[in-house]
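The following exercises concern strand pairing and aromatic contacts. Please inspect the sequence and the structure before reading each solution.

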Amino acid sequence: MDDSLLLEARARVLADLTARQLATAPAVSALDDACESRLWWASQWPQGAPYVAGLVAQDVQDALFETMARWPLCLACEDGPVHSLYISPDLGGPDPVWVCEETGEVAAALGYLGRPSAARGRLSG
């Protein structure tokens, strides 16, 4: 398995954690744990490479929900309950995006939560 695959997944999730001011020691530790777990997973199923980044994001999201808070929260919806974004497609790839759980609208590509204009360009291209 190519190590750059996990490094890219880690960088994308870390960018989104940073964009939402949640790149804390416990969150980065959860990210590192997720990467380590997915390293084994990807070594067992090399054809799963396109899914690794989205699965790492889902793993971090689950770990943070259990220990800290919902992440990432939807910032686009002003009415209604506080809710999260989720990774789509469900298997984490290929080309994972964050989607509002209330409206179904794409918020950003994975790794682009802090750069909405860049996310739109990435999604359309």
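**Exercise 1.** Which residues of β1 form its covered face, and which its uncovered one?

*Solution.* The covered face of β1 holds L85 and I87, whereas Y86 and S88 make up the uncovered one. The model is a predicted one, in which local features need pLDDT of at least 70, side-chain atom pairs count only at pLDDT 80 or more, and totals for chains, interfaces and linings use all residues. Residues are numbered from 1 along each chain as its sequence is written, and side-chain values use heavy atoms, with hydrogens and water left out.

**Exercise 2.** Determine the strand order of the open sheet and explain why β1 and β3 stand at its edges.

*Solution.* Strands (E, at least two residues) and helices (H or I, at least four residues) are DSSP runs, numbered from the N terminus. Two strands pair if DSSP finds at least two bridges between them.

1. Between β1 and β2, which run antiparallel, there are 4 bridges; in one of the pairings, L85 has C100 of β2 as its bridge partner.
2. Strand β2 (residues 97–100) is joined to β3 by 3 bridges, again antiparallel, and V99 stands opposite V106 in β3.
3. The open sheet of 3 strands therefore has the order β1-β2-β3, with antiparallel pairing.
4. β1 (85–88) and β3 (106–109) each have a single partner strand, so one side of each is left without a neighbour in the sheet.
5. On average, neighbouring strands of this sheet are turned by 30° against each other, direction ignored.

**Exercise 3.** Which helix lies across β1 and β2, and at about what angle to β1 does it run?

*Solution.* Helix α3 (residues 52–67) lies across both strands and runs at about 155° to β1. Axes are lines fitted to C-alpha atoms, for helices over the stretch in contact (heavy atoms within 4.5 Å), and angles run from 0 to 180 degrees between N-to-C directions.

**Exercise 4.** Classify the pairs W45–Y51 and W71–W98.

*Solution.* Rings of Phe, Tyr and Trp (its six-membered ring) pair if their centres lie within 6.5 Å; planes under 30 degrees apart count as stacked, over 60 as edge-to-face and the rest as tilted.

1. By this rule there are 3 aromatic pairs.
2. W45 and Y51 have ring centres 5.7 Å apart and planes at 10°, so this pair is stacked.
3. W71 and W98, at 5.3 Å centre to centre and 75° between the planes, are edge-to-face.
4. W71 lies in the loop between α3 and β1 and W98 in strand β2, so the pair ties together parts 27 residues apart in sequence.

Conventions:
Buried means under 20% relative accessible area, exposed over 50%, partly exposed in between (1.4 Å probe, protein chains only).
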